[in-house]
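Trainee: I have a model open and would like to go through its fold step by step. Can we begin with the sheet?

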Amino acid sequence: MLDQMNNSSTHLSSRERSTSVHYLKCWPQFFDEIASGRKKHDLRRADDRNFKVGDTLVLEEYDPEREAFTGRSLMVEVTYITSANLPCALSKDALHPSFCILSIGLRPEMA
């Protein structure tokens, strides 16, 4: 899958070039749900990265019991961000400022 990403990087639009690629660990139970298209969000720390809409996340499956990567990976795109700066309808205090909820979708070349 990463080979597909490397091969497709030469065909990025100008919008995609202004975005970032983030490599993130993803536990198996979440990885499978995201890969199937059922899980379309991800709760992440917001205080150690500058996530933006349009960013690509390379989710690398990580088994916490074995403390090792499995070798599986997939690419998703950030389509929306809910955070303390962009709160949900409930209130600005509903989400801790150190976290964000990333709405994600499988990248077209991965679907």
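Trainee: In what order do the five strands form the open sheet?

Mentor: This is a predicted model. Its five strands make up an open sheet with mixed pairing. Neighbouring strands in this sheet are turned by 45° against each other on average, direction ignored. The order is β1-β3-β4-β5-β2.

Trainee: Which are the edge strands?

Mentor: An edge strand is one that pairs on one side only. In the order above, β1 and β2 stand at the two ends. The edge strands are therefore β1 (21–26) and β2 (41–45).

Trainee: Which residue in β5 is the bridge partner of R44?

Mentor: Strand β5 covers residues 99–106 and runs antiparallel to β2. Five bridges join β2 and β5. The partner of R44 in β5 is C100.

Trainee: How do the elements of the protein chain run from the N terminus on?

Mentor: There are three helices and five strands to place. Two helices come at the start, followed by a strand and then another helix. Four strands close the series, giving α-α-β-α-β-β-β-β.

Trainee: What share of the contacts with a separation of 6 or more is between residues 24 or more positions apart?

Mentor: A contact here means heavy atoms within 4.5 Å. Counting those with a separation of 6 or more in the protein chain, the share is 70%.

Trainee: What percentage of the residues count as buried?

Mentor: Buried means under 20% relative accessible area. The protein chain exposes about 7000 Å², with 53% of that from carbon and sulfur atoms. Of its 111 residues, the buried share is 33%.

Key. Residues are numbered from 1 along each chain as its sequence is written. This is a predicted model: local features need pLDDT of at least 70, side-chain atom pairs count only at pLDDT 80 or more; totals for chains, interfaces and linings use all residues. Side-chain values use heavy atoms; hydrogens and water are left out. Buried means under 20% relative accessible area, exposed over 50%, partly exposed in between (1.4 Å probe, protein chains only). Accessible areas come from the Shrake-Rupley method with a 1.4 Å probe; for residues, only the protein chains shown count as cover. Axes are lines fitted to C-alpha atoms, for helices over the stretch in contact, and angles run from 0 to 180 degrees between N-to-C directions.
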